[in-house]
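Trainee: I am new to this structure and would like a close look at one part of it. Could you pick a strand and walk me through its surroundings?

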Amino acid sequence: MSDIKITIIDREGEAHVVDAPTDMNMNLMEVVRSYELAKEGTIGICGGMAMCASCQCYILNLEHMLPEQSMEEEDMLDQAFFVEDNSRLSCQIPITEQLDGLEVKLAPEAP
């Protein structure tokens with residue numbers, strides 16, 4: 001099993017350095033949920049289908065190679081609140097070895 005370290009800043013501003021497995025076909029949203037870093041029912045509402053933007057996060061260190069945004073992700077971010085230039089949907093970021101050291105901040109809950 002190969003784990004990587006990811007820093008996730010929760011919605012209260014607390015940083016958590018977590019281990020994320022690269023061999024379980026998980027995405028970043030699932031890692032956030034597995035560590036319970038957001039209140040139940042406030043992240044991943046659509047189940048990771050890029051249809052709700054509840055898992056929006058900000059990528060803080062942009063040197064990591066992330067997958068390109070799909071049209072569905074771009075469309076969802078166009079409709080979301082609190083979008084920044086570094087916004088991504090965490091459900092669309094698969095956990096790979098290339099993400100070791102990634103730093104993200106969870107976007108605020110939608111009003």
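Mentor: Gladly; here is a tour that starts with one strand and then moves outwards.

Please keep in mind that this is a predicted model. Let us begin with strand E3, which covers residues 56-59. Five strands form an open sheet here, in the order E2-E1-E5-E3-E4, and the pairing is mixed. The two edge strands, each pairing on one side only, are E2 (15-21) and E4 (87-89). On average, neighbouring strands of this sheet are turned by 40 degrees against each other, direction ignored.

In the strand order, E3 stands between E5 and E4. Towards E4, E3 runs antiparallel and is joined by three bridges. Towards E5 (residues 103-106), the pairing is again antiparallel, over three bridges. It helps to recall that strands of a sheet pair through backbone hydrogen bonds, either parallel or antiparallel.

Now let us look at individual partners. On the E4 side, Gln-56 has Leu-89 as its bridge partner, while Tyr-58 stands opposite Ser-87. Tyr-58 and Ser-87 are 29 residues apart in sequence, yet their C-alpha atoms are 4.6 Å apart in space. On the E5 side, Ile-59 has Val-104 as its bridge partner.

Which way do the side chains point? In a regular strand the side chains alternate between the two faces of the sheet. In E3, Gln-56 and Tyr-58 point one way, Cys-57 and Ile-59 point the other way, and all are buried.

Tyr-58 deserves a pause. This residue of strand E3 has a relative accessibility of 10%, so Tyr-58 counts as buried, the cut-off being under 20%. Leaving aside neighbours within four places in sequence, Tyr-58 is in contact with residues including Phe-82, Glu-84, Asn-86 and Ser-87. The list of contacts also includes Glu-103, Val-104, Lys-105 and Leu-106.

Next comes the helix that packs on the sheet. H2 touches E3 and E4, and its direction makes about 120 degrees with that of E4. Helix H2 spans residues 71-79, and Glu-73 lies in it. Glu-73 counts as buried because its relative accessibility is 1%. Beyond neighbours within four places in sequence, Glu-73 is in contact with Arg-88, Leu-89 and Gln-92. Leu-89 is a name you have met already, as the bridge partner of Gln-56.

One of the contacts of Tyr-58, Phe-82, leads us to the aromatic rings. The structure holds one aromatic pair. The rings of Phe-81 and Phe-82 have their centres 6.3 Å apart and their planes at 50 degrees, so the pair is tilted. Phe-81 is partly exposed at 47% relative accessibility, and Phe-82 is partly exposed at 38%.

Finally, step back to the largest nonpolar core, which has 28 residues. Ile-6, Ile-8, Leu-28, Leu-89 and Ile-95 touch the most other members. E3 and H2 each supply at least two residues of this core, as do E1 (3-9), E2, H1 (28-34) and E5. The largest share, four residues, comes from H1. Ile-95 also has contacts with residues more than four places away in sequence, among them Ile-4, Ile-6, Ala-20, Met-26, Leu-28 and Val-31.

Note on methods:
Residues are numbered from 1 along each chain as its sequence is written. This is a predicted model: local features need pLDDT of at least 70, side-chain atom pairs count only at pLDDT 80 or more; totals for chains, interfaces and linings use all residues. Side-chain values use heavy atoms; hydrogens and water are left out. Buried means under 20% relative accessible area, exposed over 50%, partly exposed in between (1.4 Å probe, protein chains only). Contact means heavy atoms within 4.5 Å. Two strands pair if DSSP finds at least two bridges between them. Axes are lines fitted to C-alpha atoms, for helices over the stretch in contact, and angles run from 0 to 180 degrees between N-to-C directions. Rings of Phe, Tyr and Trp (its six-membered ring) pair if their centres lie within 6.5 Å; planes under 30 degrees apart count as stacked, over 60 as edge-to-face and the rest as tilted. A nonpolar core is a set of buried Ala, Val, Leu, Ile, Met, Phe, Trp, Tyr and Cys residues joined through side-chain atoms within 4.5 Å.
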